[in-house]
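Visitor: I am new to protein structures, and I would like to ask how the words used for them are justified. Could you show me one and take my questions in turn?

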Amino acid sequence: SPSGDGKRIVYSAGGDLYVWDPRTDGSTKVEVVFPSQRAKKARRFVPADRFLEGADVHPEGHSLCLTARGRVFRMGNWEGPAIRIGEPTNRIRYRLARWLSDGSRILAVSDEGGEEALEIWNEAGEREKRFGDLDIGRPVTLQICPVRDEVLLSNHRGELLRIDLGAGELSRIAESRFGRIAGHDYSSDGRVLPFGFP
């Protein structure tokens, strides 16, 4: 946004103001002092509970996986910082983050590219796998199998899907024309899949 007085040009770059003088062919940074009250300069912490979308307890109970404002975080229950998981961009939103049964990876739904897909992230915050080729619809609930890399997923179409994360294969367990399937789970040995069916 350049502006001038007929002799010099003022422009902004990188959040700072500069004056370009054609006689010297040089730019000079303009120092701007903006006085403010001390209270306005202090660090401010926003209560996260207003924006908490979901939480999942680590299989061993010592950590949490949280979803807040479209971001995924992992943190210890009593010590250590909250560590962000996922791409550091505001263009991608994450939902329904869950610990996988091994306790070292996190599964989440991502809308990267405009279509929702499952993604697996490790504790270091690196994406290991994206299942972009599976037609999962818009997931409503997720349940992780306690003994193998598998997930039950209900979606907006009234389907209950089982996804083998190792093979990247999807199978439809049930489909209801009368409403969403809810209340699904795995038995402790992963062999029985109880669910509510409207």
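Guide: What follows is a set of questions about the words used for this chain, each answered from a value and a definition.

Guide: Please keep in mind that this is a predicted model, in which local features need pLDDT of at least 70 and side-chain atom pairs count only at pLDDT 80 or more, whereas totals for chains, interfaces and linings use all residues. Residues are numbered from 1 along each chain as its sequence is written, and side-chain values use heavy atoms, with hydrogens and water left out.

Visitor: What makes up the secondary structure of the chain?

Guide: The chain has one helix and 16 strands, where helices (H or I, at least four residues) and strands (E, at least two) are DSSP runs numbered from the N terminus.

Visitor: How do you know how the chain compares with a compact globule of 198 residues?

Guide: We compare radii of gyration, taken over C-alpha atoms, with a globule rule of 2.2 Å times the number of residues to the power 0.38. For 198 residues a compact globule would come near 16 Å, but the chain has 25 Å. The C-alpha atoms fill a box of roughly 80 × 40 × 30 Å along the principal axes.

Visitor: Why is Leu96 called buried or exposed?

Guide: Leu96 has a relative accessible area of 16%, and is therefore called buried, since buried means under 20%, exposed over 50% and partly exposed in between, with a 1.4 Å probe and protein chains only. Leu96 lies in strand β9, residues 94–99, and its phi is near 50 degrees, a positive value in a residue other than glycine. Leaving out residues up to four places away in sequence, Leu96 touches residues including Thr67, Leu107, Pro139 and Leu142, where contact means heavy atoms within 4.5 Å.

Visitor: Why does Asp25 count as buried or exposed?

Guide: Asp25 has 58% relative accessibility, so Asp25 counts as exposed. Asp25 is found in the loop between β3 (16–21) and β4 (26–30), and its phi is near 55 degrees, again a positive value in a residue other than glycine.

Visitor: What is Phe51 called, and why?

Guide: Because its relative accessible area is 27%, Phe51 is called partly exposed. Phe51 lies in the loop between α1 (38–41) and β5 (52–57), and touches Val46, Thr67, Ala68 and Arg69, not counting residues up to four places away in sequence.

Visitor: What makes a group of residues a nonpolar core?

Guide: A nonpolar core is a set of buried Ala, Val, Leu, Ile, Met, Phe, Trp, Tyr and Cys residues joined through side-chain atoms within 4.5 Å. The largest one here has 16 residues, of which Leu107, Leu118, Leu142, Val151, Ile163 and Leu165 touch the most other members. At least two residues of this core come from each of β10 (105–110), β11 (117–122), β13 (139–144), β14 (150–155) and β15 (159–164). A second, separate core of ten residues includes Cys65, Ile85, Ala97 and Trp121.

Visitor: How much of the chain is buried?

Guide: Buried residues make up 33% of the 198 residues in the chain.
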